[in-house]
There are 2 protein chains.
Amino acid sequence: MSKDLPLLATAPVVRRDAARNREALLQAAAELIEACGVDDLTTEAVAARAGVGKGTVFRRFGSREGLMAALLNHREEEWQASVISGPPPLGPGAPPMERLLAFGTSRLRHHREQAALIEAAGSTWGENYAVLGFVSLHVRTLLSQLGVRGDLAYLATALVAPLGVPVLRQQIEHGGMSEEQVVAGWTDLARRVVRGAD
Amino acid sequence: MSKDLPLLATAPVVRRDAARNREALLQAAAELIEACGVDDLTTEAVAARAGVGKGTVFRRFGSREGLMAALLNHREEEWQASVISGPPPLGPGAPPMERLLAFGTSRLRHHREQAALIEAAGSTWGENYAVLGFVSLHVRTLLSQLGVRGDLAYLATALVAPLGVPVLRQQIEHGGMSEEQVVAGWTDLARRVVRGAD
DNA sequence: AATGAAAGCGGACCACGGTCCGTTTCGACC
DNA sequence: GGTCGAAACGGACCGTGGTCCGCTTTCATT
């Protein structure tokens with residue numbers, strides 16, 4: 001047989017040692033975070049625990065932030081799965097408005113739980129296409145189902161923005177709001193947006 | 001005369017050399033940013049150009065981010081002044097709704113202009129009490145004047161959140177929106193919030 | 001199994017943010 | 001002007017993120 005055409009169906013072909021090291025690094029990072037917290041995690045320690053050189057960390061993840069983002073991805077996928085195929089009202093099956101409100105609550109909790117990691121991932125996470133895209137597309141879809149008119153792409157991002165980690169921290173840790181108040185506030189916000197302006 | 005009572009009217013009494021160095025550092029930083037951009041600015045270079053030791057930078061500003069925040073403060077104060085006492089519709093004198101929309105547009109532009117510095121200031125800026133407080137209080141006041149009912153503190157932060165630098169960058173540089181679209185979107189959002197849910 | 005080349009690896013090395021502490025400067029009080 | 005304590009200074013020093021390049025491993029091909 002002739003060789004595969006180079007430009008089509010390019011198999012990524014990850015080398016086995018590379019894959020092994022990747023997993024080892026992720027696990028080492030998770031364990032070290034468990035032990036000493038995100039802030040005190042050094043790339044050298046991760047590399048040492050995984051039994052590889054420091055260069056490998058950067059080859060695999062690009063940066064410390066990239067490593068954090070990779071750790072987050074796992075949790076994020078679980079969350080996305082519960083939106084796509086989990087039980088209602090977060091998952092499909094409930095009326096759109098209930099799904100939207102469930103989304104807000106769930107996303108808020110998710111952000112609160114992963115706050116340390118999200119902050120450590122910094123812009124690598126914030127610019128993560130897949131995540132941002134999924135979240136705002138989901139909201140956009142729900143708004144559409146609710147018959148909302150206007151620039152749905154904008155409204156979606158505007159609804160997602162107040163669920164960001166820095167905003168939540170400001171509100172809860174600095175502004176003295178309880179998590180329940182924030183949930184209630186966001187619910188109110190969502191209702192106003194859906195009700196529309198005309 | 002007896003000594004001032006220690007607990008009342010505590011004069012900060014800034015030493016003259018300290019004040020001079022502070023100014024020299026701010027100017028040096030501004031000049032260097034002009035020359036080589038925010039990202040390539042090193043604290044050592046700033047110190048050298050100001051003719052002081054590196055330790056002084058940290059003594060005065062706490063961190064590199066603190067230095068950035070101090071630079072921002074100047075611009076921020078100008079902006080706040082234009083809200084407090086500038087010409088309408090941003091300043092006082094216009095109807096509340098017009099002021100609110102002018103606020104959104106102006107704040108968005110301000111964030112876009114100062115984006116590099118704001119990102120470089122990082123959490124030092126994000127946690128800046130004075131700034132966040134002023135902005136959300138202003139919006140809250142306008143909402144109140146508009147007769148909006150509900151958790152005004154929450155709604156204010158929710159209106160401010162989509163004007164954050166990362167959100168704007170996502171929308172404009174990644175999502176293909178124009179600045180005009182974003183302004184239009186925010187205006188729509190504000191109208192929906194003000195219209196209310198009941 | 002042998003071969004060869006591309007991908008991966010490791011750890012010395014570098015740059016920069018941040019700390020520390022002995023020395024210098026300021027300015028309040030006499 | 002002299003004295004003195006507090007505040008500020010400077011720059012050597014350290015830790016950590018990130019780079020670089022010569023060596024090793026993998027694996028497709030034969």
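Which helices of chain A and chain B each supply at least two residues of the surface near DNA strand C? They are α1 (16-36) and α3 (54-61) of chain A, together with α1 (16-36) and α3 (54-61) of chain B. The model is predicted, and chain A has a mean pLDDT of 92. Chain A can be laid on chain B by a turn of 180 degrees, and each of the two DNA strands is surrounded by residues from both chains.

**Chain A: fold and confidence**

- Chain A contains 10 helices and zero strands, so its pattern along the sequence is written as α-α-α-α-α-α-α-α-α-α.
- Taken along the principal axes, the C-alpha atoms of chain A fill a box of roughly 60 × 55 × 30 Å.
- In chain A, 93% of the residues reach a pLDDT of 70 or more.
- Residues 1-7 of chain A are an exception to that level, with pLDDT below 50. Beyond near neighbours in sequence, this stretch has zero contacts in the model.
- Where pLDDT is low, the predicted coordinates should not be read in detail.

**Annotated regions of chain A**

- UniProt, in an unreviewed entry, lists residues 19-79 of chain A as "domain: HTH tetR-type".
- Over residues 19-79 the chain is 82% helix and 0% strand, and the end C-alpha atoms of this range are 24 Å apart.
- The annotation "DNA-binding region", also from an unreviewed UniProt entry, covers residues 42-61 of chain A.
- Over residues 42-61 the helix content is 80% and the strand content 0%, with the end C-alpha atoms 14 Å apart.

**Surface near DNA strand C**

- DNA strand C is surrounded by 23 residues. The closest are A:Arg15, A:Asn21, A:Gly53, A:Arg60 and B:Lys54.
- Of the atoms of DNA strand C that come within 4 Å of the protein, sugar and phosphate account for 63%.
- α3(A) gives the most to this surface, with five residues.
- By class, the residues near DNA strand C divide into 11 charged, eight polar and four nonpolar.
- A polar backbone atom of A:Gly53 is 2.8 Å from a phosphate oxygen of DNA strand C.
- For B:Arg16, a backbone N or O atom lies 2.9 Å from a phosphate oxygen of DNA strand C.
- For A:Asp17, a backbone N or O atom lies 3.4 Å from a phosphate oxygen of this strand.

**Surface near DNA strand D**

- DNA strand D is surrounded by 23 residues, and the closest are A:Lys54, B:Arg15, B:Asn21, B:Gly53 and B:Arg60.
- Sugar and phosphate make up 61% of the atoms of DNA strand D that come within 4 Å of the protein.
- The helices α1 and α3 of chain A and α1 and α3 of chain B each supply at least two residues of this surface.
- The largest share comes from α3(B), with five residues.
- The surface near DNA strand D has 11 charged, eight polar and four nonpolar residues.
- An N or O atom in the side chain of B:Arg60 is 2.7 Å from a phosphate oxygen of DNA strand D.
- Chain A also reaches the phosphates of DNA strand D through its backbone: an N or O atom of A:Thr43 lies 3.0 Å from a phosphate oxygen, and one of A:Arg16 lies 3.1 Å from a phosphate oxygen.

**Relation of the two chains**

- Chain A superposes on chain B with an RMSD of 0.1 Å, after a turn of 180 degrees and a shift of 0.0 Å along the axis.
- That is the relation of a two-fold axis.
- The same surface serves both copies, as 100% of the contact residues of chain A recur in chain B.

**Cis peptide bonds**

- In chain A, the peptide bond from A:Pro88 to A:Pro89 is cis, with omega near 10 degrees. A:Pro89 is placed in the loop between α4 (64-85) and α5 (96-113) of chain A.
- In chain B, the peptide bond from B:Pro88 to B:Pro89 is cis, with omega near 10 degrees. B:Pro89 is placed in the loop between α4 (64-85) and α5 (96-113) of chain B.

Methods. Residues numbered from 1 in each chain as written. Chains lettered and ligands numbered in written order. Heavy atoms only, no water. Near = heavy atom within 4 Å. Polar contact = N/O pair within 3.5 Å; in protein donor to acceptor, adjacent residues only side chain to side chain. Helix = DSSP H or I, 4+ residues; strand = E, 2+ residues; numbered from the N terminus. Nonpolar A, V, L, I, M, F, W, Y, C, P; charged D, E, K, R; others polar. Least-squares fit on C-alpha atoms with pLDDT ≥ 70 in both. Contact = heavy atoms within 4.5 Å. pLDDT = per-residue confidence, 0-100. UniProt positions renumbered as here; feature names shortened; annotations may be inferred.
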